[in-house]
Amino acid sequence: MARDAKQISEFIVQWLGEQLGQQVGDSAEFTALGLDSLDAVRMTDALAAKLGVDELPVAVVLEHPSVSALATHLATLP
């Protein structure tokens with residue numbers, strides 16, 4: 001299934017904005033937003049549900065530490 005990085009980015013931006021109560025840009029870095037480990041778990045769970053995958057490891061957030069980097073990576077998943 002092909003995924004669109006822009007749509008994934010928009011989902012992440014919206015999700016983070018709602019969770020953190022602040023406006024988030026698509027180039028935002030997670031550490032600069034104050035994202036903690038619990039937020040990262042919740043975000044990966046939300047992304048897994050959105051993308052229709054069983055599970056996403058939380059480490060993906062550490063390996064791709066910005067909205068755009070994570071969205072680009074997730075768009076390449078099978």
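What follows is a short walk through the predicted model of this protein, from its overall fold to a few individual residues.

Before the details, a word on conventions: residues are numbered from 1 along each chain as its sequence is written, and side-chain values use heavy atoms, with hydrogens and water left out. Since this is a predicted model, local features need pLDDT of at least 70 and side-chain atom pairs count only at pLDDT 80 or more, whereas totals for chains, interfaces and linings use all residues.

Let me begin with the whole chain. The secondary structure comes to 5 helices and 0 strands, where helices (H or I, at least four residues) and strands (E, at least two) are DSSP runs numbered from the N terminus, and the pattern along the sequence reads α-α-α-α-α. Along the principal axes, the C-alpha atoms fill a box of roughly 30 × 20 × 20 Å. The radius of gyration of the protein is 11 Å, which agrees with the value near 12 Å for a compact globule of 78 residues; that radius is taken over C-alpha atoms, and the globule rule is 2.2 Å times the number of residues to the power 0.38.

Turning to surface and burial, the accessible surface comes to about 4,700 Å², of which 51% belongs to carbon and sulfur atoms; accessible areas come from the Shrake-Rupley method with a 1.4 Å probe, and for residues only the protein chains shown count as cover. Of the 78 residues, 38% are buried, where buried means under 20% relative accessible area, exposed over 50%, and partly exposed in between (1.4 Å probe, protein chains only). As for contacts, meaning heavy atoms within 4.5 Å, 59% of those between residues at least 6 apart in sequence join residues at least 24 apart.

Now to helix 1, residues 5–20. Its 16 residues should span 22 Å at 1.5 Å a residue, and the end C-alpha atoms are indeed 22 Å apart; the expected span is 1.5 Å times one less than the number of residues. The buried residues of helix 1 are Ile 8, Ser 9, Ile 12, Trp 15, Leu 16 and Gly 17, and what covers them includes helix 2 (30–33), helix 3 and helix 5 (67–75).

Helix 1 also holds a charged pair. Side chains of opposite charge can pair when their charged atoms come close. Here Lys 6 forms a salt bridge with Glu 10, the closest N and O atoms being 3.4 Å apart, by the criterion of a side-chain nitrogen of Lys or Arg within 4 Å of a carboxyl oxygen of Asp or Glu. Because Lys 6 and Glu 10 are 4 residues apart in helix 1, about one helical turn separates them. Lys 6 is exposed, at 60% relative accessible area, while Glu 10 is partly exposed at 43%. A search of the whole structure finds 1 salt bridge.

Next, helix 3, residues 37–51. Which residues does Met 43 touch, not counting those up to four places away in sequence? Met 43, which is found in helix 3, touches Ile 12, Trp 15, Leu 16, Phe 30, Leu 35, Val 61 and Leu 70 on that count, and with 1% relative accessibility Met 43 counts as buried. Ala 40, also placed in helix 3, is buried at 6% and, leaving aside neighbours within four places in sequence, is in contact with Leu 35, Val 58 and Val 61.

Helix 3 has a partly exposed residue as well, since Val 41 has 34% relative accessibility. Together with Leu 38 and Val 58, Val 41 forms a nonpolar patch on the surface, with about 210 Å² of accessible area. Patches are made of residues with over 30% relative accessible area and no salt bridge, like charges being joined within 9 Å and nonpolar side chains (Val, Leu, Ile, Met, Phe, Trp, Tyr) within 5 Å.

I will finish with the loop between helix 4 (59–63) and helix 5, which is the place of His 64 and of Ser 66. His 64 is buried, with a relative accessible area of 19%, and Ser 66 is buried at 10%. Not counting residues up to four places away in sequence, His 64 touches Phe 30, Ala 69, Leu 70 and His 73, whereas Ser 66, by that rule, touches Ser 27, Ala 28, Glu 29 and Phe 30.
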